[in-house]
Amino acid sequence: MNNTKEMTYESAVKRLEEIVGILEKNEVSLDESMKLFEEGAKLTAYCSKKLQEAEQKITVLTNEENKE
């Protein structure tokens with residue numbers, strides 16, 4: 001798995017889509033499926049964190065704009 005610190009949100013989503021596609025085909029072993037699932041869980045947490053950070057920034061910017 002790529003280090004999420006080096007990933008953009010968009011590249012993480014793309015990798016998640018790849019993982020889902022691989023898992024949906026049911027062509028990998030159980031061990032490989034578990035590794036992919038674990039990677040997907042980490043990527044999901046990373047994307048969720050990035051979205052929360054963006055939402056907080058938008059809230060701060062909106063509040064600052066409303067004060068003016």
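What follows is a short exchange about a predicted model of a protein.

Trainee: How many helices and strands does the protein have?

Mentor: The protein is built without any strands, since the count of these is zero. What remains in the way of such elements is helical, and the number of helices is two.

Trainee: Why is the protein described as more spread out than a compact globule?

Mentor: For 68 residues the globule rule gives 11 Å, and the radius of gyration of the protein is well over that value, so the protein is more spread out than a compact globule. Along the principal axes, its C-alpha atoms fill a box of roughly 60 × 20 × 15 Å. The radius of gyration itself is 17 Å.

Trainee: What does helix α2 reach from its first C-alpha to its last?

Mentor: Helix α2 covers residues 30-67, which makes 38 residues in the helix. At 1.5 Å a residue the expected value is 56 Å, and the model comes close to it with 55 Å.

Trainee: Which element do the buried residues of α2 pack against?

Mentor: The buried residues of α2 are S33, L36, E39, G40, L43, Y46 and C47. An α-helix has 3.6 residues a turn, so residues three or four places apart point the same way. In this model, the element that the buried residues of α2 pack against is α1 (9-25).

Trainee: What share of the 68 residues counts as buried?

Mentor: The protein exposes about 5700 Å², of which carbon and sulfur atoms supply 52%. Taking buried to mean under 20% relative accessible area, the share of the 68 residues that counts as buried is 18%.

Note on methods. Residues numbered from 1 in each chain as written. Predicted model: local features only at pLDDT ≥ 70, side-chain atom pairs only at ≥ 80, totals over all residues. Heavy atoms only, no water. Helix = DSSP H or I, 4+ residues; strand = E, 2+ residues; numbered from the N terminus. Expected span 1.5 Å × (residues − 1). Buried < 20%, exposed > 50% of the residue type's maximum accessible area, 1.4 Å probe, protein only. Contact = heavy atoms within 4.5 Å. Rg over C-alpha atoms; globule rule 2.2 N^0.38 Å. Areas by Shrake-Rupley, 256 points an atom, 1.4 Å probe, with all protein chains shown as cover.
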